[in-house]
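Work through the exercises below with the model open beside you. Try each task before you read its solution.

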Amino acid sequence: MFLLSPPALTLLVFFFVPLVIMASYTVREGTFGVASRTFSLDSFRTLTENPGFLRLLKDSMVLSLQTSFFAILLAYPVAYFLVFHAGKRRMSLLTLLIVPAWTSYLLRILAWKLILGSNGVLNYTLLNLGWIDEGVPIFLYSRTAVLITLVYVWVPFAALPIFSSLERIQRHLLEAASDLGAKPWESFLRVTLPLSFPGILAAFFFVSIPTVGEWVTPTLVGGVDGIMYGNLIQDQFSRALNWPMGALLSMVLLVIVLVAVMVFNRFVNITEVGAYG
Amino acid sequence: MAEARVAARWAGAGYYALLALFLYMPIFLLIVFSFNDSVILAFPLKGFTLEWYHELLQAEELLASIKNSLLVGFLASAVSLALGTLAAIAIMRFRFRGRDTFLSFASLPLVIPYVVLGVALLILFSALGIDLYLWTVAIGHVVINVPYVMLIVAARLAGFQANLEEAAMDLGATYWVTLTKVTLPLSAPALVAAFLSSFTTSFDEFTLAFFLAGTQNTLPVYLYSQLRFPSRLPLAVSLAAVVMVVSILILLLSEWLRRIGAGASKTKGIK
Amino acid sequence: MRNGPLFRLGIVIVLGLTLAGCGGTTVAQNTELILLEWSGYELPEFWEPFEAQHPEIEPKYSFFAEDTEAFSKAQSGFEFDLIHPCSSYWKLYVDAGLVQPIDTSRLSNWSGVYESLASQGNFDGQQFFIPWEWGYESILVRTDLVEEVPTSWADLWDPQYAGHVAVFDSGESNFVMAASVLGIDPYAATPEQVEQVKQKLLELKPNLLTYWTDYTEINQLVAQGDVWLAGQAWNDAYAALYDEGYEVEYLNPEEGRLGWLCGFGISANSANVDLAYDYINAALDAQSMANMGNAYYYGVANADAVPLLDPYFVELMEMGDPSILNDTVFYQSLTDEQRELFATIWSEVKAGQ
């Protein structure tokens with residue numbers, strides 16, 4: 001148990017305590033001064049009076065599931081290729097996929113707009129090919145744009161846990177399967193895929209949980225219709241300075257995630273799945 | 001069979017190349033625009049200039065912020081790696097009450113909006129009288145990185161059975177020896193992946209760094225606030241180009257070193 | 001977790017840290033200068049005389065990108081000497097006791113500061129903020145892409161621009177803008193009028209492509225041709241696009257251009273007050289201020305700096321004519337209630353359908 005104490009203690013002091021501080025804001029009247037010491041249920045009232053807020057929460061959850069699905073779908077083949085076909089270079093090739101993320105996210109998004117904007121690379125190409133007559137910002141400023149961009153951002157991160165779970169599959173198992181006459185796709189479906197399931201699951205958590213609260217991407221490429229629940233929370237803290245409202249919106253999200261992870265964990269135990277394939 | 005394997009290999013390589021292209025396309029454009037003689041990031045290109053790189057060399061605040069970001073990145077990643085690995089070993093190798101609760105709770109930093117954590121930590125630090133400095137940023141980054149590390153390492157530990165470790169202990173190894181000689185080496189790929197992931201998150205993290213940084217600014221804080229002035233954008237773009245090229249060079253160098261190392265110690269192969 | 005001893009250890013550590021923090025330290029006076037500042041203003045040419053006066057002191061900066069960030073950082077206990085917020089927030093700082101009155105007789109460059117700007121930093125007869133730079137918010141138009149150039153803020157609602165309008169992602173700015181279109185006083189709106197403004201803003205949504213959040217973004221949107229009308233664009237956006245040869249026009253809408261003003265305040269808890277005064281005075285210096293104006297195309301608070309400005313910029317922004325200050329509708333200092341109202345309405349508009 002002594003193994004757990006350093007991480008548990010760190011999370012206790014620097015995560016749990018701040019969380020409690022934040023939770024206490026949900027029943028305050030205002031952010032600073034006297035109002036921050038006055039009890040009030042105003043934010044609960046605002047939440048119930050604005051069905052739009054919870055609609056955005058639902059939209060965000062759908063978006064997060066879509067993002068993790070596509071990110072895993074795109075990442076799996078790459079992780080598979082790296083582990084089984086890339087030889088000793090696999091670690092470097094994996095890193096190569098991560099490196100773009102060392103450039104400021106904001107700048108990468110601005111660059112995406114160069115590709116997809118009215119006057120961008122894509123339109124220029126399509127115009128010259130004669131496929132379209134007028135430059136339109138294809139794929140930008142919509143919910144689809146948010147999805148595409150999020151998938152772009154998360155693919156390399158989804159590849160990491162899948163990569164490390166495929167790495168540990170012992171080659172002789174696959175050789176044994178093939179010696180026993182299994183076709184490649186059979187050994188993939190019956191050996192490789194189940195054995196890599198913990199990695200897929202980790203990738204799923206990895207991608208889906210942070211994207212529920214995502215706000216930067218919707219701000220930059222979501223336009224008017226692509227606004228997400230995370231934007232609401234961010235607005236309350238960074239622009240509106242309405243911490244009670246922001247705290248309440250965050251707590252709603254945190255509780256949902258907590259319950260989802262616990263339920264999920266009950267049915268599919270991340271620690272046991274795959275160990276015995 | 002061999003033919004199918006070769007085909008799969010080529011298909012995989014092709015797919016890898018496509019994905020890499022997809023990921024690098026924006027970077028490539030940024031590099032092109034870092035030589036563009038215009039303060040606005042839009043087509044058409046205006047002309048070639050080295051002015052932005054020239055200005056970059058003189059932007060002392062900017063260079064200082066890069067140093068700060070590297071420091072925070074390495075510090076936060078090292079600590080998160082240690083803590084996250086311990087947590088992963090604990091949840092994968094021991095049965096204890098509240099294990100599910102701990103797992104769910106430890107996943108929460110993944111979802112907490114950074115601005116909430118940032119503000120809350122700022123309140124905590126000022127209540128405790130702790131002055132803001134770079135290491136307070138690192139603490140914030142450790143909190144958000146531990147769950148990532150834990151998930152990556154746990155996914156790896158799920159793979160080799162605990163009986164490997166038990167065998168080592170049956171043979172008389174102490175727990176620490178087992179940990180350092182069996183568990184950790186077997187987890188090496190996951191540890192590298194986890195470190196990469198932490199460093200990447202930390203290096204480009206804005207919100208926590210903003211609230212917790214004191215007067216030592218990290219690179220994202222400096223860059224984001226620069227965007228208020230359109231005329232400062234090219235500087236940020238040329239910096240991004242430099243960061244990218246340097247990272248790739250480092251990567252190539254380490255690959256080259258690995259090959260040399262592999263050549264020298266061929267007989268020592270572990271796997 | 002049933003880890004009694006562990007849990008108790010945690011509590012002990014937290015308590016220990018708390019006690020250590022309560023020790024309190026005495027700070028030596030005038031040994032350093034910490035600024036809570038927009039990045040881009042740290043350039044030495046914007047406060048040149050200070051460097052000559054105190055070569056041993058290197059000002060330290062904590063940067064922010066939005067007024068609210070600076071305000072919440074200051075409110076949460078961050079220690080600073082000087083802060084540089086914009087006028088909408090000035091009263092909030094004064095009411096929260098975060099800043100101290102400034103004795104303008106200690107500022108030798110004070111005499112040149114426009115009276116109409118200075119008065120905005122004066123609360124109950126005391127000067128709390130020293131105005132430094134100001135700018136417009138108006139509509140920036142890509143004249144080559146629109147068939148008809150708009151003439152008023154109300155034209156943002158015109159369906160002919162549907163899908164090509166962007167407004168600043170700010171509750172205050174949009175509330176004031178929509179209220180002035182409706183002829184409502186934004187700072188004294190009745191609940192019915194507030195509802196009218198909210199409906200008006202909801203009606204704008206079908207015309208909007210996106211909300212823009214920073215200047216780099218709006219420049220790119222306009223330059224790429226995605227946005228034809230950029231609402232609440234600043235001087236520098238116009239100047240940058242104009243310089244690059246884009247066909248743009250910066251409107252003087254019928255309802256008037258909106259205007260913002262920012263300036264320096266001294267922390268109520270500053271231990272380096274003398275240095276803070278010297279820094280403000282150095283920033284007010286005509287040459288320092290002209291350096292800022294020429295670099296970023298913002299208006300200057302010190303009239304003495306105007307002759308030192310680039311004539312091209314003075315002509316482009318009509319900086320030589322003092323009457324422009326009177327024709328501009330400056331944002332007023334907000335009370336906490338107003339600030340919260342504007343923000344709440346804007347959240348509801350953004351989440352609404």
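The exercises go from single chains to interfaces, the core and the backbone.

This is a predicted model: local features need pLDDT of at least 70, side-chain atom pairs count only at pLDDT 80 or more, and totals for chains, interfaces and linings use all residues. Residues are numbered from 1 along each chain as its sequence is written, while chains are lettered from A and ligands numbered from 1 in the order in which they are written.

**Exercise 1. Describe the build of chain A.**

Step 1: count the elements. Helices (H or I, at least four residues) and strands (E, at least two) are DSSP runs, numbered from the N terminus. Chain A has 13 helices and zero strands.

Step 2: take its dimensions. The C-alpha trace of chain A spans about 75 × 65 × 30 Å along its principal axes.

Step 3: check burial. A residue is buried if 20 or more other C-beta atoms lie within 10 Å of its own, exposed if 12 or fewer, and partly exposed in between, with C-beta atoms placed from the backbone. Of the 277 residues in chain A, 52% are buried.

Step 4: look at contacts. Two residues are in contact if their C-beta atoms, placed from the backbone, lie within 7 Å. In chain A, 69% of the contacts with a separation of 6 or more join residues 24 or more positions apart.

**Exercise 2. Split chain A into domains and inspect their contact.**

Step 1: set the bounds. Domain bounds come from an automatic or database domain assignment. Domain 1 of chain A covers 1-49, and domain 2 covers 56-244.

Step 2: find the spacing. The centres of the two domains, taken over C-alpha atoms, are 32 Å apart.

Step 3: list the contact. Seven residues of domain 1 touch four residues of domain 2. Ala, Val, Leu, Ile, Met, Phe, Trp, Tyr, Cys and Pro count as nonpolar, Asp, Glu, Lys and Arg as charged, and the others, Gly among them, as polar. On the domain 1 side there are one nonpolar, four polar and two charged residues.

**Exercise 3. Describe chain C in the terms used for chain A.**

Step 1: count. Chain C has 14 helices and 14 strands.

Step 2: judge compactness. The radius of gyration is taken over C-alpha atoms, and the globule rule is 2.2 Å times the number of residues to the power 0.38. Chain C has a radius of gyration of 23 Å, close to the 20 Å that the rule gives for 353 residues, so chain C is as compact as a globular protein of that length.

Step 3: add burial and contacts. Buried residues make up 52% of chain C. Residues 24 or more positions apart account for 75% of its contacts with a separation of 6 or more.

**Exercise 4. Characterise the two interfaces of chain B.**

Step 1: take chain A. Here 85 residues of chain B meet 84 residues of chain A. H1(B) gives the largest share of the chain B side, 16 residues. That side has 70 nonpolar, ten polar and five charged residues.

Step 2: take chain C. Here 34 residues of chain B meet 36 residues of chain C. Helices H5 (114-128), H10 (207-212) and H11 (219-226) of chain B each give two or more residues. The chain B side has 20 nonpolar, ten polar and four charged residues.

Step 3: zoom in on one helix pair. Axes are lines fitted to C-alpha atoms, for helices over the stretch in contact, and angles run from 0 to 180 degrees between N-to-C directions. H12(A) and H5(B) pack at about 30 degrees, with axes 9 Å apart. A:Gln234, A:Phe237 and A:Ser238 meet B:Val115, B:Val116 and B:Val119.

**Exercise 5. Find the hubs of the largest nonpolar core.**

Step 1: define it. A nonpolar core is a set of buried Ala, Val, Leu, Ile, Met, Phe, Trp, Tyr and Cys residues joined through C-beta atoms within 7 Å.

Step 2: pick the hubs. The largest core has 290 residues, and those touching the most other members include A:Ala75, B:Ile152 and C:Ala166. Helix H6 (residues 134-157) of chain B supplies the largest share, 17 residues.

Step 3: follow one hub. Among the residues C:Ala166 touches are C:Leu208, C:Trp212 and C:Val227.

**Exercise 6. Locate two non-glycine residues with positive phi.**

Step 1: A:Leu241 has a phi of about 55 degrees. A:Leu241 sits in the loop between H12 and H13 (243-267) of chain A. A:Leu241 counts as buried because 25 C-beta neighbours lie inside 10 Å.

Step 2: C:Asn30 has a phi near 50 degrees. C:Asn30 lies in the loop between helix H1 (4-22) and strand E1 (34-38) of chain C. With 16 other C-beta atoms within 10 Å, C:Asn30 is partly exposed.

Note on methods: Lists of a residue's contacts leave out its neighbours within four places in sequence.
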